[in-house]
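Got the viewer open? Here's a short tour, one selection at a time.

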Amino acid sequence: MVVQNSPSSQATPASLPPSVFTLPQTAQLEALYTIIRDKETSRGDFLFYSDRIIRLLVEEGLNHLPVVPKTVVTPTGATYEGVGFEGKICGVSILRAGEAMEAGLREVCRSVRIGKILIQRDEETAQPKLFYSKLPQDIEKRYVLLLDPMLATGGSAIKAVEVLKEHNVPEDRIIFVNLIASPEGLKNFCAKFPQTRVITGWIDQGLNEKAYIIPGLGDFGERRYCS
Ligand code: URA
(Lines give C-alpha, C1' and ligand atoms only; values in the text may rest on other atoms or scores of the structure.)
Protein backbone atom coordinates (compact mmCIF):
# COMPACT_ATOMS: atom_id res chain seq x y z
CA MET A 1 0.00 0.00 0.00
CA VAL A 2 1.34 3.40 -0.97
CA VAL A 3 0.75 6.17 1.56
CA GLN A 4 -0.24 9.54 0.19
CA ASN A 5 2.65 11.91 0.59
CA SER A 6 2.15 15.48 1.75
CA PRO A 7 4.84 17.65 0.25
CA SER A 8 5.85 20.76 2.12
CA SER A 9 5.96 22.85 -1.03
CA GLN A 10 3.33 25.47 -1.63
CA ALA A 11 0.30 24.77 -3.75
CA THR A 12 0.50 26.93 -6.81
CA PRO A 13 -1.76 29.92 -7.44
CA ALA A 14 -4.88 29.18 -9.48
CA SER A 15 -3.29 30.77 -12.57
CA LEU A 16 -0.64 28.03 -12.68
CA PRO A 17 -1.06 24.36 -13.55
CA PRO A 18 -1.75 22.04 -10.57
CA SER A 19 1.41 20.04 -11.29
CA VAL A 20 3.61 23.02 -10.35
CA PHE A 21 4.95 23.33 -6.78
CA THR A 22 7.14 26.08 -5.42
CA LEU A 23 9.36 26.05 -2.35
CA PRO A 24 7.80 27.96 0.57
CA GLN A 25 8.42 31.58 -0.38
CA THR A 26 10.11 32.59 2.88
CA ALA A 27 12.27 35.65 3.50
CA GLN A 28 15.22 33.27 4.02
CA LEU A 29 14.73 31.79 0.56
CA GLU A 30 14.31 35.22 -0.99
CA ALA A 31 17.60 36.30 0.62
CA LEU A 32 19.36 33.34 -1.04
CA TYR A 33 17.87 34.28 -4.40
CA THR A 34 18.85 37.92 -3.91
CA ILE A 35 22.48 36.85 -3.52
CA ILE A 36 22.57 34.63 -6.60
CA ARG A 37 20.71 37.18 -8.75
CA ASP A 38 23.16 39.98 -7.88
CA LYS A 39 25.61 40.51 -10.74
CA GLU A 40 28.26 41.57 -8.20
CA THR A 41 28.17 38.22 -6.39
CA SER A 42 31.47 36.36 -6.64
CA ARG A 43 31.65 32.92 -8.22
CA GLY A 44 32.43 31.38 -4.83
CA ASP A 45 29.30 32.87 -3.28
CA PHE A 46 27.24 31.97 -6.33
CA LEU A 47 28.33 28.34 -5.92
CA PHE A 48 27.68 28.30 -2.18
CA TYR A 49 24.24 29.93 -2.23
CA SER A 50 22.95 28.23 -5.38
CA ASP A 51 23.98 24.92 -3.78
CA ARG A 52 21.90 25.80 -0.71
CA ILE A 53 18.84 26.33 -2.89
CA ILE A 54 19.55 23.17 -4.90
CA ARG A 55 19.66 21.18 -1.68
CA LEU A 56 16.24 22.52 -0.67
CA LEU A 57 14.86 21.72 -4.11
CA VAL A 58 16.18 18.17 -4.12
CA GLU A 59 14.74 17.52 -0.67
CA GLU A 60 11.42 18.89 -1.87
CA GLY A 61 11.54 16.71 -4.99
CA LEU A 62 12.02 13.66 -2.76
CA ASN A 63 8.96 14.71 -0.74
CA HIS A 64 6.88 13.94 -3.82
CA LEU A 65 7.92 10.29 -3.96
CA PRO A 66 5.56 7.67 -2.56
CA VAL A 67 6.23 5.83 0.68
CA VAL A 68 4.91 2.56 2.11
CA PRO A 69 4.09 1.64 5.72
CA LYS A 70 7.14 0.36 7.63
CA THR A 71 7.35 -0.78 11.23
CA VAL A 72 10.64 -0.67 13.13
CA VAL A 73 11.72 -1.49 16.68
CA THR A 74 13.56 1.34 18.44
CA PRO A 75 16.44 0.81 20.95
CA THR A 76 13.87 1.20 23.74
CA GLY A 77 12.17 -1.98 22.55
CA ALA A 78 9.09 -0.07 21.44
CA THR A 79 7.69 -0.43 17.94
CA TYR A 80 7.34 2.56 15.70
CA GLU A 81 4.89 2.47 12.84
CA GLY A 82 6.44 4.69 10.25
CA VAL A 83 7.01 4.69 6.53
CA GLY A 84 9.81 3.73 4.18
CA PHE A 85 10.77 4.79 0.71
CA GLU A 86 9.07 2.96 -2.10
CA GLY A 87 10.77 2.34 -5.39
CA LYS A 88 14.12 3.27 -6.83
CA ILE A 89 15.13 6.68 -8.08
CA CYS A 90 17.70 8.17 -10.39
CA GLY A 91 18.71 11.65 -11.46
CA VAL A 92 18.98 12.86 -15.03
CA SER A 93 20.74 16.15 -15.63
CA ILE A 94 20.24 18.27 -18.72
CA LEU A 95 23.77 19.32 -19.71
CA ARG A 96 25.55 21.44 -18.97
CA ALA A 97 23.83 23.52 -16.30
CA GLY A 98 21.91 20.56 -14.88
CA GLU A 99 25.21 18.94 -13.86
CA ALA A 100 25.46 21.61 -11.17
CA MET A 101 22.52 19.96 -9.41
CA GLU A 102 24.00 16.45 -9.35
CA ALA A 103 26.08 16.98 -6.20
CA GLY A 104 22.99 18.20 -4.33
CA LEU A 105 21.18 14.99 -5.25
CA ARG A 106 24.19 12.84 -4.31
CA GLU A 107 24.37 14.54 -0.90
CA VAL A 108 20.93 13.28 0.01
CA CYS A 109 20.75 10.02 -1.98
CA ARG A 110 23.89 8.01 -1.46
CA SER A 111 25.17 6.23 -4.60
CA VAL A 112 22.23 7.42 -6.68
CA ARG A 113 22.45 6.63 -10.39
CA ILE A 114 22.68 9.73 -12.56
CA GLY A 115 22.07 9.91 -16.30
CA LYS A 116 22.81 12.79 -18.64
CA ILE A 117 21.08 14.35 -21.61
CA LEU A 118 22.63 16.93 -23.94
CA ILE A 119 20.16 18.99 -25.92
CA GLN A 120 21.11 21.88 -28.15
CA ARG A 121 19.38 24.06 -30.66
CA ASP A 122 19.44 22.62 -34.18
CA GLU A 123 20.68 25.53 -36.26
CA GLU A 124 18.69 24.40 -39.33
CA THR A 125 15.31 23.91 -37.68
CA ALA A 126 15.81 26.17 -34.62
CA GLN A 127 14.27 23.32 -32.61
CA PRO A 128 15.89 21.63 -29.56
CA LYS A 129 17.77 18.55 -30.74
CA LEU A 130 19.11 15.60 -28.77
CA PHE A 131 22.91 15.35 -29.15
CA TYR A 132 23.76 12.80 -26.47
CA SER A 133 22.14 10.74 -23.77
CA LYS A 134 23.42 8.23 -21.26
CA LEU A 135 20.72 6.86 -18.99
CA PRO A 136 20.60 4.07 -16.38
CA GLN A 137 19.76 0.77 -18.11
CA ASP A 138 16.69 0.13 -15.96
CA ILE A 139 15.45 3.71 -16.00
CA GLU A 140 11.88 2.65 -16.83
CA LYS A 141 11.64 1.07 -13.36
CA ARG A 142 12.82 4.20 -11.54
CA TYR A 143 11.41 7.54 -10.48
CA VAL A 144 13.41 10.19 -12.31
CA LEU A 145 14.46 13.54 -10.88
CA LEU A 146 15.10 15.62 -13.98
CA LEU A 147 17.58 18.39 -13.20
CA ASP A 148 17.91 21.74 -14.97
CA PRO A 149 18.31 25.02 -13.06
CA MET A 150 16.60 27.41 -15.48
CA LEU A 151 13.21 26.78 -17.12
CA ALA A 152 13.07 29.47 -19.81
CA THR A 153 11.03 28.58 -22.93
CA GLY A 154 10.71 24.96 -21.84
CA GLY A 155 12.17 23.62 -25.12
CA SER A 156 15.03 21.62 -23.58
CA ALA A 157 12.95 20.26 -20.72
CA ILE A 158 10.20 19.15 -23.11
CA LYS A 159 12.75 17.42 -25.34
CA ALA A 160 14.31 15.75 -22.28
CA VAL A 161 10.96 14.34 -21.14
CA GLU A 162 10.32 13.09 -24.67
CA VAL A 163 13.65 11.24 -24.50
CA LEU A 164 12.73 9.75 -21.11
CA LYS A 165 9.33 8.67 -22.44
CA GLU A 166 11.05 7.00 -25.41
CA HIS A 167 12.92 5.02 -22.76
CA ASN A 168 9.55 3.97 -21.30
CA VAL A 169 9.63 6.21 -18.23
CA PRO A 170 5.99 7.08 -17.43
CA GLU A 171 5.31 10.80 -17.38
CA ASP A 172 4.04 10.68 -13.79
CA ARG A 173 7.31 9.15 -12.58
CA ILE A 174 9.30 12.16 -13.64
CA ILE A 175 9.83 15.08 -11.26
CA PHE A 176 11.35 18.11 -12.91
CA VAL A 177 13.42 20.18 -10.48
CA ASN A 178 14.58 23.70 -11.26
CA LEU A 179 15.74 26.88 -9.53
CA ILE A 180 13.93 29.55 -11.52
CA ALA A 181 11.04 29.15 -13.92
CA SER A 182 9.39 31.55 -16.33
CA PRO A 183 5.59 31.54 -16.60
CA GLU A 184 5.95 30.87 -20.35
CA GLY A 185 8.17 27.84 -19.76
CA LEU A 186 5.82 26.44 -17.12
CA LYS A 187 2.82 26.89 -19.40
CA ASN A 188 4.53 25.18 -22.36
CA PHE A 189 5.94 22.33 -20.28
CA CYS A 190 2.78 21.60 -18.31
CA ALA A 191 0.54 21.76 -21.40
CA LYS A 192 2.67 18.99 -22.91
CA PHE A 193 3.19 16.89 -19.78
CA PRO A 194 0.40 17.56 -17.28
CA GLN A 195 1.31 14.53 -15.19
CA THR A 196 4.94 15.46 -14.62
CA ARG A 197 5.41 17.44 -11.43
CA VAL A 198 7.53 20.57 -11.54
CA ILE A 199 9.33 21.66 -8.38
CA THR A 200 10.64 25.16 -8.71
CA GLY A 201 12.23 27.54 -6.25
CA TRP A 202 10.92 30.76 -7.76
CA ILE A 203 8.69 31.83 -10.63
CA ASP A 204 9.98 34.98 -12.33
CA GLN A 205 8.28 37.64 -14.46
CA GLY A 206 8.96 36.39 -17.96
CA LEU A 207 11.47 36.19 -20.79
CA ASN A 208 13.35 38.87 -22.70
CA GLU A 209 13.87 38.88 -26.48
CA LYS A 210 16.91 36.59 -26.10
CA ALA A 211 14.86 34.08 -24.06
CA TYR A 212 16.67 34.94 -20.82
CA ILE A 213 14.56 34.84 -17.67
CA ILE A 214 13.75 38.29 -16.24
CA PRO A 215 14.85 39.33 -13.63
CA GLY A 216 16.60 35.93 -13.55
CA LEU A 217 20.29 35.62 -12.81
CA GLY A 218 21.85 35.69 -16.28
CA ASP A 219 23.45 32.60 -17.76
CA PHE A 220 23.53 30.01 -15.00
CA GLY A 221 26.34 27.99 -16.64
CA GLU A 222 28.52 31.06 -17.11
CA ARG A 223 28.00 32.20 -13.51
CA ARG A 224 28.64 28.75 -12.10
CA TYR A 225 31.59 27.64 -14.18
CA CYS A 226 33.24 30.72 -15.70
CA SER A 227 32.94 34.06 -13.91
N1 URA B 1 19.40 29.70 -19.19
C2 URA B 1 20.07 30.49 -18.33
O3 URA B 1 21.16 30.14 -17.87
N4 URA B 1 19.51 31.67 -17.98
C5 URA B 1 18.32 32.08 -18.45
O6 URA B 1 17.87 33.16 -18.09
C7 URA B 1 17.63 31.24 -19.36
C8 URA B 1 18.20 30.05 -19.71
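Start by selecting residues 24–225, where UniProt, in an unreviewed entry, places the feature "domain: Phosphoribosyltransferase"; such annotations may be inferred rather than shown by experiment. The C-alpha atoms at the two ends of residues 24–225 are 28 Å apart, and the span is 33% helix and 32% strand. Helices here are DSSP runs of H or I with at least four residues, strands are E runs with at least two, and numbering goes from the N terminus.

A word on the ground rules: this is a predicted model, with pLDDT of at least 70 needed for local features and 80 or more for side-chain atom pairs, while totals for chains, interfaces and linings use all residues. Residues count from 1 along each chain as its sequence is written, and side-chain values use heavy atoms, leaving out hydrogens and water.

Next, pick helix 1 (residues 27–37) and helix 2 (residues 43–63): their axes come within 9 Å and cross at roughly 140 degrees. That makes the pair oblique, meaning an angle outside the classes under 35, 65 to 115 and over 145 degrees. Show side chains and you'll find Q28, L29, L32, Y33, I35 and I36 of helix 1 meeting F46, Y49, S50, R52, I53 and L56 of helix 2, where contact means heavy atoms within 4.5 Å.

Last stop: Q127, in the loop between strand 6 (113–121) and strand 7 (128–134). Q127 is partly exposed at 49% relative accessible area (between 20% and 50%, with a 1.4 Å probe and protein chains only). Beyond neighbours within four places in sequence, Q127 touches Q120, R121 and D122. Now add S156: its C-alpha is 9.2 Å from that of Q127, though the two are 29 residues apart along the chain.

Terms used: Axes are lines fitted to C-alpha atoms, for helices over the stretch in contact, and angles run from 0 to 180 degrees between N-to-C directions.
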